[in-house]
Amino acid sequence: MSLLFSILIVGIPTYLFFNWVLKKWNIGNKSNRKFIAIIPAICLSPLLYISIIYIWFFIASYYPTTNFNKNEWHTNTTERYKMSQDIIESDLLIGKTKKEVSNLLGDDFYIYNSNHIAYQLGFVPGLFNIDPDVLDIYFENGIVVKVSQHKT
């Protein structure tokens, strides 16, 4: 019922818009113009409703990304997620030792095992996002071979 009501809310302005367009273009006469305007309103209202929801999801989950900055990484720990994409895509950590990673990113990492550590990134903006993200760093023979990101 709520969905139909929402589509109706979108449908009324759509109907009025098409009725105005038909009048402006002098299509049909006054009595049948109302019926002609119903057809595009019925067809386009669900599409407009879905488009509005899609745009709303996009706006709610958007966040800017920035290049890695060591000072920003250490001072703004709740917004590290903004730099994580740059770290991953630029292969900044690939080939580094655990000590080099620690010198660059700090000692505040979680140790999963001897070949896997993770840094807290903060809460990535998004709809229903209640878990923080972490930057996973994987080692082979003491050298970084893979960097990825996931929700905890």
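**Strands, helices and core of a predicted model**

Q: What makes S2 and S3 a pair of strands, and in which sense do they run?
A: In this predicted model, S2 and S3 are joined by six bridges and run antiparallel. Pairing requires at least two bridges, and six bridges satisfy that requirement. Within S3, Asp133 is the bridge partner of Gly122.

Q: How do you know that S3 and S4 pair?
A: Eight bridges join S3 to S4, and the two strands are antiparallel. Set against the minimum of at least two bridges, the eight bridges establish S3 and S4 as a pair. Leu135 has Gln149 in S4 as its bridge partner. The two strands form a hairpin with two residues between them, in which Asn141 adopts a positive phi near 55°.

Q: What makes S1 and S2 a pair, and how many residues lie between them?
A: Four bridges link S1 to S2 in the antiparallel sense, where at least two bridges would suffice. Asn113 is opposite His116 in S2. The strands make a hairpin, with two residues between them.

Q: In what order do the four strands form the open sheet?
A: The order is S1-S2-S3-S4, with antiparallel pairing. S1 and S4 are the edge strands, since each pairs on one side only. From one strand to the next, the twist averages 25°. Helix H4 packs on this sheet through contacts with S2, S3 and S4, and its direction makes about 140° with that of S4. Helix H5 lies across S1, S2, S3 and S4, at about 15° to S2.

Q: Why is S3 described as largely enclosed by the rest of the structure?
A: Of the eight residues of S3, six are buried, so the strand is largely enclosed by the rest of the structure. Among the elements of the protein chain, S3 (residues 133-140) also has the highest mean pLDDT, 96, whereas helix H1 (residues 2-24) has the lowest, 86. For the protein chain, the mean pLDDT is 90, and 99% of the residues reach 70 or more.

Q: Why is Leu105 called buried?
A: A residue is buried when its relative accessible area is under 20%. Leu105 has a value of 0% and is therefore buried. Leu105 lies in helix H5. Beyond residues up to four places away in sequence, Leu105 touches Phe68, Trp73, His74, Arg80, Ile87, Leu93, Tyr119, Leu135 and Ile137.

Q: How do you know on which side of H5 the buried residues lie?
A: The buried residues of H5 (residues 98-105) are Val101, Ser102, Leu104 and Leu105. They cover an arc of only 165° around the axis, so they lie on the same side of H5. Their cover includes helices H3 (70-75) and H4 (81-89), together with strands S1 (109-113), S2 (116-122), S3 and S4 (143-151). After H5 comes Gly106, which has a positive phi near 105°.

Q: Why are the buried residues of H4 said to line one face of the helix?
A: Those residues are Tyr81, Met83, Ser84 and Ile87. Viewed down the axis of H4, they fall within an arc of 140°, and therefore line one face of the helix. They pack against H3, H5, S2, S3 and S4. Asp91, which follows H4, has a positive phi near 55°.

Q: Which residues of the largest nonpolar core touch the most other members?
A: The core has 18 residues, of which Trp73, Leu93, Leu105 and Ile137 touch the most other members. Two or more residues come from each of H4, H5, S2, S3 and S4. In soluble globular proteins, nonpolar side chains tend to be buried together.

Q: With which residues is Ile137 in contact, leaving aside its neighbours within four places in sequence?
A: A contact requires heavy atoms within 4.5 Å. The residues in contact with Ile137 are Leu93, Val101, Leu105, Asn115, His116, Ile117, Tyr119, Val144, Lys146 and Val147.

Terms used. Residues numbered from 1 in each chain as written. Predicted model: local features only at pLDDT ≥ 70, side-chain atom pairs only at ≥ 80, totals over all residues. Heavy atoms only, no water. pLDDT = per-residue confidence, 0-100. Buried < 20%, exposed > 50% of the residue type's maximum accessible area, 1.4 Å probe, protein only. Arc of directions from axis to C-beta. Axes fitted to C-alpha atoms, helices over the stretch in contact; angles between N-to-C directions. Core = buried A, V, L, I, M, F, W, Y, C linked by side-chain atoms within 4.5 Å.
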